[in-house]
Amino acid sequence: IALAGRILEQLTGHPATGTQILPVIVGRDERALTISRSLKAHGFDVRAIRPPTVPEGTARLRLTLTLNVDDATTTAMITALARALTETAP
């Protein structure tokens, strides 16, 4: 989990939480959905969390890490996330 947090922060600028749930706030609902779909197309189950669950303008992605996922897979997912974040307008 610590490694994933460091990689997340390096590649996306989002701070690590120190837990197995890593929220990545992306702002607009549409952006969260677009990134979630992109990651699902790459084989990663990353959920978009949108209003009314979170306040307007704070839609986010919920990354959940488990011990069943190795470091290489985690790095690949975060790399795909970083790419999707840069490819979608804020």
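A salt bridge is taken here as a side-chain nitrogen of Lys or Arg within 4 Å of a carboxyl oxygen of Asp or Glu, and by this rule the count comes to two. The structure is a predicted model, in which local features need pLDDT of at least 70 and side-chain atom pairs count only at pLDDT 80 or more, while totals for chains, interfaces and linings use all residues. Residues are numbered from 1 along each chain as its sequence is written, and side-chain values use heavy atoms, with hydrogens and water left out.

One salt bridge links the side chains of Arg-28 and Glu-30, at 3.5 Å from N to O. Arg-28 is partly exposed at a relative accessible area of 36%, and Glu-30 is likewise partly exposed, at 49% (buried means under 20% relative accessible area, exposed over 50%, and partly exposed in between, with a 1.4 Å probe and protein chains only). A salt bridge also joins the side chains of Asp-45 and Arg-47, with an N to O distance of 2.8 Å; Arg-47 is partly exposed, at 46% relative accessibility.

Helices (H or I, at least four residues) and strands (E, at least two) are DSSP runs, numbered from the N terminus, and two strands pair if DSSP finds at least two bridges between them. Strands β1 and β3 pair in the antiparallel sense over six bridges, with Arg-62 in β3 as the bridge partner of Pro-23. Strand β2 (residues 47-49) also pairs with β3 in the antiparallel sense, over three bridges, and Ala-48 has Leu-61 of β3 as its bridge partner.

The largest nonpolar core (a set of buried Ala, Val, Leu, Ile, Met, Phe, Trp, Tyr and Cys residues joined through side-chain atoms within 4.5 Å) has 20 residues, and those with the most contacts inside it are Val-24, Ile-35, Leu-61, Leu-63 and Leu-81. The elements giving two or more residues to this core are α1 (2-12), β1 (21-27), α2 (29-41), β3 (59-64) and α3, and α3 supplies the largest share, six residues. With contact defined as heavy atoms within 4.5 Å, and residues up to four places away in sequence not counted, Leu-81 touches Leu-8, Thr-12, Val-24, Ile-35, Leu-39, Leu-61 and Leu-63.

Thr-88 is found in the segment after α3 (71-87) and is buried, with a relative accessible area of 15%. Beyond four places in sequence, Thr-88 touches Arg-31, Thr-34 and Ile-35.
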